[in-house]
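Hi,

Here is the structure I said I would pass on to you. Have a look at it first, and then read my notes below.

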Amino acid sequence: YQDKEEVVLWMNTVGPYHNRQETYKYFSLPFCVGSKKSISHYHETLGEALQGVELEFSGLDIKFKDDVMQTTYCEVDLDKGRRDAFVYAIKNHYWYQMYIDDLPIWGIVGEADENGEDYYLWTYKKLEIGFNGNRIVDVNLTSEGKVKLVPNTKIQMSYSVKWKKSDVKFEDRFDKYLDPSFFQHRIHWFSIFNSFMMVIFLVGLVSMILMRTLRKDYARYSKEEEMDDMDRDLGDEYGWKQVHGDVFRPSSHPLIFSSLIGSGCQIFAVSLIVIVVAMIEDLYTERGSMLSTAIFVYAATSPVNGYFGGSLYARQGGRRWIKQMFIGAFLIPAMVCGTAFFINFIAIYYHASRAIPFATMVAVCCICFFVILPLNLVGTILGRNLSGQPNFPCRVNAVPRPIPEKKWFMEPAVIVCLGGILPFGSIFIEMYFIFTSFWAYKIYYVYGFMMLVLVILCIVTVCVTIVCTYFLLNAEDYRWQWTSFLSAASTAIYVYMYSFYYYFFKTKMYGLFQTSFYFGYMAVFSTALGIMCG
């Protein structure tokens, strides 16, 4: 900024403290606007539009390094309807958010006295702005001027601005919003260490089991090779060698199966890239940039989906590859957009700022049809041509062999339910931190932790599914594909169950809008996580 250049105070949203996502336009409450009218224009990004950022000009005249004494900028004519609106807002602990030079400021609308009969409105915004050189590095708001809400009176709203020199560097100006005592708590470090120990233990266990049992199995099978035919017919052959003629049989519902595998590969790629970008760039300093980045990366990694889904479908002998490509491309977008569409109806009913504008919906649909689909097609064609030929070590028998009876704990359903416990155990502390930054007012910035947890989750999931598949094949059940996928994907069920616990014991959310928003998007998050693990 140059000296005396205009500094814009943007009003963002107002809403109840306990429901972070339930926000309304600031001027939906009967606040009044300052006298200054003209303003340099402001552009909204896709991420902001989806997150319900509604910046409106406050009308306050603020100039760089120009102190303003307490000045009345407008007055509110308090009739009965307006008083009721303010009383309702104060009862529900409404607070508002503003921005100066992209720095967020929060203030509370008002407060009630102890016995809850009289309600008071804060009318005086006292701004202290710190500058370093020609940049704004720090903003503080003090709310003063408590005025009792009496019907049919006029309430004067005022503000003052004080500029002070600050030593904060421009790069570090967001540090005061971060909460190291919360995110870098001993428990966080301890949980990572704990999960790490579990990983080492698991990898050791899996390699030991496989080395020892497989060596035994090989010894047994090679001994049977040396017997003559008469003994072999009487021999007690059992174990995974028996299903060699069926183990490469295509899975049931290969179309859905390969679409899920493709989508899972894509979600994993997106998570990896977004976390790496977030570690390098501080994405939390820009409004909505995390969401915009995720959407961009998701669209750009579509060939991954097509490649893995298409090649798997071709190897399983699938004929309807175009249908598979469409299902693979639109599986995740349809799930996310379907949930968003449903929650949007409630948001429109509430007049909330989270209601997604029509233009943004069209933009997202265009991304789906004109970016994701063509890239998916490219991936599918590559996948079918490069690795679409089945190269199985033994041929598939013409007649499927009957599956023998087995103990109850070897049934696929039981294996699937037990498979998700360990992966969930390795991530659930990190879940708490991620949930808290999304549903409460913390800014998540420790992406290094998230990266470690993602790596740990991968290793644990791989180990668990190897063991599950070995048990299943040993029981001479060759239906391993879905069991292998679902025993990892069942992590999603545990995460969703944890989100219920989190809702009831860790938050104070209430109301139809916030509750449906929470459980709707938690379902999307859990499902995506499950598909990725699978």
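Let me start on the surface. Phe193, Phe196, Met197 and Ile200 form a nonpolar patch there, and together they have about 410 Å² of accessible area. Before you go further, please keep in mind that this is a predicted model, and that goes for everything that follows.

To find the patch, go to helix 4, which is where Phe193 sits. That helix runs over residues 186-226. With 41 residues at 1.5 Å a residue, helix 4 should span 60 Å, and its end C-alpha atoms are indeed 60 Å apart, so the two agree. Helix 4 has buried residues as well: His188, Ser191, Ile192, Ser195, Val199, Leu202 and Val206 are among them. Further along you can pick out Asp217, Arg220, Tyr221 and Glu224, which are also on the buried list for helix 4.

Next, the cysteines. How many disulfides are there? The count comes to 1 disulfide. Its partners are Cys32 and Cys74, with sulfur atoms 1.8 Å apart. This pair ties together distant parts of the chain, 42 residues apart: Cys32 is in the loop between strand 3 (24-25) and helix 1 (46-51), while Cys74 belongs to strand 6 (residues 68-78). The torsion about the S-S bond of Cys32 and Cys74 is about 65 degrees, and therefore the disulfide is right-handed. Are these two cysteines buried or exposed? Cys32 is buried, at 15% relative accessible area, and Cys74 counts as buried too, at 12%.

Why does Cys365 not form a bond with Cys337? The closest cysteine sulfur to that of Cys365 is the one in Cys337, and at 6.2 Å it is too far for a bond, given that a disulfide needs the sulfur atoms within 2.5 Å. Cys365 is partly exposed, with 41% relative accessibility. Cys394 is partly exposed as well, its relative accessible area being 25%.

Last, a hairpin for you to look at. Strand 10 (residues 119-132) and strand 11 (residues 135-148) pair in the antiparallel sense, over 12 bridges. If you want a spot to orient yourself, Lys126 stands opposite Thr142 in strand 11. There are 2 residues between the strands of this hairpin, and Gly133 takes a positive phi near 70 degrees. As you follow the strands, remember that in a regular strand the side chains alternate between the two faces of the sheet.

That's it from me. Happy browsing!

Key. Residues are numbered from 1 along each chain as its sequence is written. This is a predicted model: local features need pLDDT of at least 70, side-chain atom pairs count only at pLDDT 80 or more; totals for chains, interfaces and linings use all residues. Side-chain values use heavy atoms; hydrogens and water are left out. Helices (H or I, at least four residues) and strands (E, at least two) are DSSP runs, numbered from the N terminus. The expected span of a helix is 1.5 Å times one less than its number of residues. Buried means under 20% relative accessible area, exposed over 50%, partly exposed in between (1.4 Å probe, protein chains only). Two strands pair if DSSP finds at least two bridges between them. Patches are made of residues with over 30% relative accessible area and no salt bridge: like charges are joined within 9 Å, nonpolar side chains (Val, Leu, Ile, Met, Phe, Trp, Tyr) within 5 Å. Accessible areas come from the Shrake-Rupley method with a 1.4 Å probe; for residues, only the protein chains shown count as cover. A salt bridge is a side-chain nitrogen of Lys or Arg within 4 Å of a carboxyl oxygen of Asp or Glu.
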